[in-house]
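Subject: Structure for your review

Dear colleague,

Please find below the structure I am handing over to you, together with its sequence. My notes on its pockets, cavities and cysteines follow.

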Amino acid sequence: MLTYIISTIVIFCACTIGAIVGFGGGVIIKPVLDSMNFCTIDIVNFVSSCAVLAMSISSIVRHKIQKTKFDKKIALSLSLGAVVGGYLGNRLFRLAIAGIGKDRLVVIQAAMIIAFVGFAEIYVNMKNPKTFHLTNPVAMAVSGVVLGMLNSFLGIGGGPINMTVLLLLFSLAVKQGAVYSICVVFFCQLSNLVTLFIHNRFEPYADYLPLIICGMIAAVVGGLVGSTFNKKFSDKAVRIVFSLVMLAVFGINVYNIIVGVM
């Protein structure tokens, strides 16, 4: 019971921070729950995916209510790509479990997250970072596929990967990128869960239903709170929060790698 309470608090805090900077929250939820070691990697990925999906829904609703401005072409192209990417990432995750085992996959995922987090931290804090101005819908959709696949495979709901790629490819401000990142997170995780439903793979998660429900509720509340802060924060403040979270995530994943190897 205590583990579930702590996990729910982690999910709330992660999704609040995630909605502020455009994360799905999973980049925090995933490594923290892995470090708690109370369930297997596939359970952690599923709990994280459910929480991230719920958070992204609440965040999108909040942005809709606040009438946040965004480019519909970018949002639609990225979202369509994320649906395909979510499916591919889920398949890749299943193949990886079967091929190398759950314990090794935890270490590999942690190493990948560290690499992306490190790049994101450096890029976002560069004074004059290199950017592109992609306007081709096909290129946008391909970007969505790649992001969705990585999000689904790592079980982190986007995080630094989405934000860094969006800023790099579309020359967006951090606050703008946060809105599109949430769109990618939503459609990626929706695709991921629909894939599980179609293949009737929900049975292993039945014992964790209370945690899943509590986590989704906490994620919704966190998404609403975080979206409110996103609206009030300056672009500079969002960058600061982004950097602090990246440093924390980096440390947690280093810990997970050390424990996994030992």
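The second largest pocket of this predicted model holds about 180 Å³ of space. Its lining is made up of I60, H63, K64, K67, T68, F70, V179 and C183. Two or more of these residues come from each of the elements α3 and α8, and α3 has the largest share, with three residues. Sorted by class, the lining of this pocket comprises four nonpolar, two polar and two charged residues.

One of these lining residues, C183, also bears on the matter of disulfides. The structure contains zero disulfides. With regard to C13, the nearest cysteine sulfur belongs to C15 and lies 9.6 Å away, and C13 takes part in no disulfide. C13 counts as partly exposed because its relative accessibility is 37%. For C183, the closest cysteine sulfur is that of C188, at a distance of 13 Å, which is too far for a bond. A disulfide is counted here when two cysteine sulfur atoms lie within 2.5 Å, so the 13 Å between C183 and C188 rules out a bond. C183 has a relative accessible area of 14%, and it is therefore classed as buried, the limit being under 20%.

The largest pocket has about 290 Å³ of space. Its lining numbers 14 residues, and those nearest the centre of the pocket are D34, N37, D103, V106 and V259. The elements α2, α5 and α10 each contribute at least two residues to this lining. By class, the lining of the largest pocket consists of six nonpolar, five polar and three charged residues.

I turn now to the enclosed spaces. The structure has two cavities of 30 Å³ or more. The second largest cavity has a volume of about 40 Å³, and its lining is formed by K30, P31, D34, V106, Q109, A110, I113, N253 and N256. The elements supplying two or more residues to that lining are α2 (26-36), α5 (102-124) and α10, and α5 provides the largest share, with four residues. In terms of class, four residues of this lining are nonpolar, three are polar and two are charged. D34 and V106 belong to this lining and are also among the residues nearest the centre of the largest pocket.

Which residues does N256 contact, its neighbours within four places in sequence aside? They are P31, D34, S35 and A110; of these, P31, D34 and A110 also line the second largest cavity. N256 itself is located in helix α10, which spans residues 235-261. N256 counts as buried because its relative accessibility is 6%.

The largest cavity encloses about 80 Å³ of space. The residues lining it are D42, N45, F46, S49, N90, F93, R94, S152, N192, L196 and Y205. At least two of them come from each of α3 (41-65), α4 (72-100) and α8 (174-198), and α3 gives the most, with four residues. The lining of the largest cavity is composed of four nonpolar, five polar and two charged residues. The elements α3 and α8 thus serve the largest cavity as well as the second largest pocket.

Yours sincerely

Note on methods
Residues numbered from 1 in each chain as written. Predicted model: local features only at pLDDT ≥ 70, side-chain atom pairs only at ≥ 80, totals over all residues. Heavy atoms only, no water. Buried < 20%, exposed > 50% of the residue type's maximum accessible area, 1.4 Å probe, protein only. Contact = heavy atoms within 4.5 Å. 1 Å grid on protein atoms, 1.4 Å probe; cavity = no way out; pocket = protein on both sides within 12 Å on 5 of 7 lines; lining within 4 Å. Points joined across faces, edges and corners; volume = space filled by probe spheres on them. Nonpolar A, V, L, I, M, F, W, Y, C, P; charged D, E, K, R; others polar.
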